[in-house]
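Please open the model in your viewer, with the sequence panel beside it, and follow the stops below in order.

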Amino acid sequence: MPRYLARRVGQALLVVAGVVVLTFAVMRLVPGDPAVAFAGPKATPEQLAQARARFGLDEPVPAQFLAYVRDLFTGDWGVSLRTRQPVRDDLYQAFPASLELVGAALVLAVAAGVPLGVLAARFRTRLPDLGVRVGSMLAVSVPVFWLALTLQLVFAGNLGWFPVAGEYDASLDTTSPLTLWTNITIVDALITGNWPIFTSTLRHLVLPALVVAAYPAGVIAQMTRAALIEEAGQDHARMERALGFGETAVLTRFALRPALNPVLSLIALVFAYSIVNGFLVEAVFNWPGLGRYAAESIRSLDTPAIAGVTLLVALVYVLANLVVDVLQGFVDPRARRR
C-alpha cells in the first residue's frame, strides 16, 4: 500500500505541474494587455509602465514563469484586474457555493444511480432494465440549459413549489443574519442553527442540484449496471449461486463491492466535470459560485482570475482522482498492482 500511494501521489504531482504550465500559458495567450485592463483604457504611458512592472510583464517570459511558480507556492494567485482583490480571496468566496451545489448534486446522483444500476442488472433485458437504460440515456443526452429552463418553468413558474433563482431569500440577511464558518451556506446554517436560512437554502438548492445531478446519475447507473453484469459472470458468482444464494443476494452481497471499483473512478471524473458543467446552471439559476465569477472574468478579460479558476478546477480534479485511487486501494487490493 505505501508503494501504491507513493506512485499515485507522484502521478498527481506530475499532473499538477502540467496544469501550472497550462495556466501560465493561458495568461499569456489570452488576447488583450493585462496592464491596460488593470490601469484602464485612458491610462498614461507612465501608469501602464507601473502596471506592467507590478505584474512582472516587463520581465522575460522564463523569469515571469519562475515568479509565477514562486507566487503559487507562497499562496499568491495574483490580483484580479476586475475586482482589484487577490484572486485567492475571490475564489474563497465563490468556490464554496459551487462546492455546495455540486456536492448536493453528487449525493443525489449516487443515491439514484447506484440503486438504478443494481435494478437494471437484476432484471437484465427485462422491462426495468429497459426503463433504466432509456432514462439514463436521456439524463446524459439532454442539454443542461434546456433542463434547467424547463424545471424553472414547471416547478418555479407554473407550480410555484421552489424559488426560481438565488442561493437563499435575500431578506433573511436582515432578519436572520448568518454567521460564516466554512462559507458553505447550508453547512454554516446547520452549524449555527440558523433554520430560516437552512430551509431557504434547501428549497433554492433543489432545482439546480437536480439539473447538475442528471448527467452523473445517468452515467453512474450505466456504469453500475455494466460492472455488476460483468461481476455476475465471474467464477465466484457461479459458486455463490451453486451454494443456494439468490440472484439478488449474489448481486448485492458479493458482486456489488468489486463492481463499485470502476464506479468510484467514474465519480471522481463526474465530480470535476460537474463543477464545470455547473457553470451554466449557476448562470441560469443566478447561483453565486465559480460559474458567475468565471463568466464575469472572461467578459472583462481578467486573465489572473481566468487562470485562477482554471488552476482551481484542475486541482480539484487531481485531488478527487487521488482520493478515489486511495479508496480503490482499500476497497479492492487488486487495484494496488496497477
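**The whole chain**

Of the 338 residues in the chain, 43% count as buried, where buried means under 20% relative accessible area, exposed means over 50%, and partly exposed lies in between (1.4 Å probe, protein chains only). This is a predicted model, in which local features need pLDDT of at least 70 and side-chain atom pairs count only at pLDDT 80 or more, while totals for chains, interfaces and linings use all residues. Residues are numbered from 1 along each chain as its sequence is written, and side-chain values use heavy atoms, with hydrogens and water left out.

Colour the chain by secondary structure: there are 14 helices and 0 strands, with helices (H or I, at least four residues) and strands (E, at least two) taken as DSSP runs and numbered from the N terminus. The C-alpha trace spans about 85 × 55 × 35 Å along its principal axes.

**Helix α6 and its salt bridges**

Select residues 127–141, which make up helix α6, and show the side chains of Asp 129 and Arg 133. These two residues lie 4 residues apart in α6, about one turn of the helix, and their side chains meet in a salt bridge with an N to O distance of 3.6 Å; a salt bridge here is a side-chain nitrogen of Lys or Arg within 4 Å of a carboxyl oxygen of Asp or Glu. Side chains of opposite charge can pair when their charged atoms come close.

Now add Arg 225, whose side chain meets that of Asp 129 in another salt bridge, at 2.7 Å from N to O. This pair links distant parts of the chain, since Asp 129 is in α6 and Arg 225 is in helix α10 (residues 195–232), 96 residues apart. Through shared partners, salt bridges join Asp 129, Arg 133 and Arg 225 into one network. Is each member buried or partly exposed? Asp 129 and Arg 225 are both buried, Asp 129 having a relative accessible area of 0%, whereas Arg 133, at 35%, counts as partly exposed.

Stay on α6 and select Leu 127, Leu 130, Val 134 and Leu 138, which make a nonpolar surface patch of about 410 Å². Such patches consist of residues with over 30% relative accessible area and no salt bridge, with like charges joined within 9 Å and nonpolar side chains (Val, Leu, Ile, Met, Phe, Trp, Tyr) within 5 Å; accessible areas come from the Shrake-Rupley method with a 1.4 Å probe, and for residues only the protein chains shown count as cover. Leu 127 is exposed, at 68% relative accessible area.

**From α7 to Gly 278**

Move to Val 144 in helix α7 (residues 144–158), which counts as buried at 15% relative accessibility. Measure from its C-alpha to that of Gly 278: the two residues are 134 apart in sequence and 8.9 Å apart in space.

**A link to α13**

Next select Arg 82 and Glu 296, which form a salt bridge with their closest N and O atoms 3.2 Å apart. Arg 82 sits in the loop between α4 (61–73) and α5, and Glu 296 in helix α13, so that this pair too links distant parts of the chain, 214 residues apart. Arg 82 counts as partly exposed at 30% relative accessibility, and Glu 296 counts as partly exposed at 26%.
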